[in-house]
Amino acid sequence: MTSQVDHILFLEVDDNLFKTCFGTDNEWSCRLTSLSESSTSAQVAEALADVDGTHMSLVRNYYRQGGWVVFFGIYGDFAAPQQLGNLFGVDWRFSAYTKYEYVLTTAGKELLGDAITQQQYTKANLLSVPEEERILVPKPYWESVEKYKEEECDSDDDDEETIRQNYQSHKDGLSRQVPLAVHTAQQGGGRIAYLGFVNGDGNIPQLVRALCTRSKTSLG
């Protein structure tokens, strides 16, 4: 099989839609090709594919041998997380389709760099995933517990501990809804990413290119 180090398999996006949302040819350092019905296992690592069952055994083997797979949740298929769980062993569940501002997690900064750490208010298909797999999470509405208390609490008599707990619950609830997640297989080192973006707003193209090319984000 073609080297998994040099190739990424994209699922559930065609090349025209991919370039519309995430950058034109001259913005990518890689060449995009499409998967045909006659594709062989040697070609699958270079391809764009739909999760339609036709090539799933090849996809699974590619992942198990250390391949890098990226699933695009552009279409909002609510059943997709369960399908990905069956195929790749991930513990992912559909969470919501809504708008937030987003910030990179610590794991996100390690993976994508810290030149760009936020994404403006935009819609995405969100998943609930394990904490260590969260790359981008919604930004809390309030920057601090003090701001939360000032704007959300009606009385100075509110218990301080209750206020802190409510604010933490707010942050925790948001952090479970992610538009970008990455899972690494315990055996073989294969990785799969989920991208729930439905457009190319703001910093999304730079974040997606950094993820897919294993480069760091830049402000240039």
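Start by selecting Leu-9 and Val-69: these two are bridge partners, with Val-69 sitting in strand β4. Before you go on, note that this is a predicted model, in which local features need pLDDT of at least 70, side-chain atom pairs count only at pLDDT 80 or more, and totals for chains, interfaces and linings use all residues. Residues are numbered from 1 along each chain as its sequence is written, and side-chain values use heavy atoms, with hydrogens and water left out.

**Stop 1: the β1 and β4 strands**

Now widen the selection to β1 (residues 8–11) and β4 (residues 68–72). The two strands run parallel and are joined by four bridges; strands pair if DSSP finds at least two bridges between them. Helices (H or I, at least four residues) and strands (E, at least two) are DSSP runs, numbered from the N terminus. Colour β1 by side: Ile-8 and Phe-10 are on one face, Leu-9 and Leu-11 on the other, and all are buried. Buried means under 20% relative accessible area, exposed over 50%, and partly exposed in between (1.4 Å probe, protein chains only).

At Trp-68, add Arg-191, which lies over the ring face at 4.3 Å from the ring centre. A charge sits over a ring if NZ of Lys or CZ of Arg is within 6 Å of the ring centre and within 35 degrees of the ring normal.

**Stop 2: α3 and the core**

Select helix α3 (residues 80–88), whose buried residues include Leu-84, Leu-87 and Phe-88. Just past the helix, Gly-89 has a positive phi of about 75°. Stay on Phe-88 and show its contacts (heavy atoms within 4.5 Å): beyond residues up to four places away in sequence, Phe-88 touches Leu-11, Val-59, Tyr-63, Val-69, His-183 and Ile-192.

Phe-88 is also among the residues with the most contacts inside the largest nonpolar core, which has 55 residues. Such a core is a set of buried Ala, Val, Leu, Ile, Met, Phe, Trp, Tyr and Cys residues joined through side-chain atoms within 4.5 Å. Which helix gives the most to this core? It is α7 (residues 204–213), with six residues. Eight of the 10 residues of α7 are buried, including Leu-207, Arg-209 and Cys-212. After α7 comes Arg-214, with a positive phi near 55°.

**Stop 3: aromatic pairs**

The whole structure holds five aromatic pairs. Rings of Phe, Tyr and Trp (its six-membered ring) pair if their centres lie within 6.5 Å; planes under 30 degrees apart count as stacked, over 60 as edge-to-face and the rest as tilted. Select Phe-71 and Tyr-194: their ring centres are 6.1 Å apart and their planes at 15°, so this pair is stacked. Phe-71 is in β4 and Tyr-194 in β9 (residues 191–195), 123 residues apart. Both are buried, and with Trp-92 they form one aromatic cluster.

Next, try Phe-78 and Phe-94, a tilted pair at 4.4 Å centre to centre and 40° between planes. Phe-78 belongs to the loop between β4 and α3, and Phe-94 to strand β5 (residues 93–104). Phe-78 is exposed at 59% relative accessible area, while Phe-94 is partly exposed at 25%.

**Stop 4: Asn-125**

Finish in strand β6 (residues 118–128), at Asn-125. Is Asn-125 buried or exposed? Asn-125 is buried, with a relative accessible area of 3%. A polar atom of its side chain lies 2.7 Å from the backbone oxygen of Gly-73. Among the contacts of Asn-125 more than four places away in sequence are Phe-94 and Tyr-194, so you can keep those two from the previous stop on display.

Key:
Polar contact = N/O pair within 3.5 Å; in protein donor to acceptor, adjacent residues only side chain to side chain.
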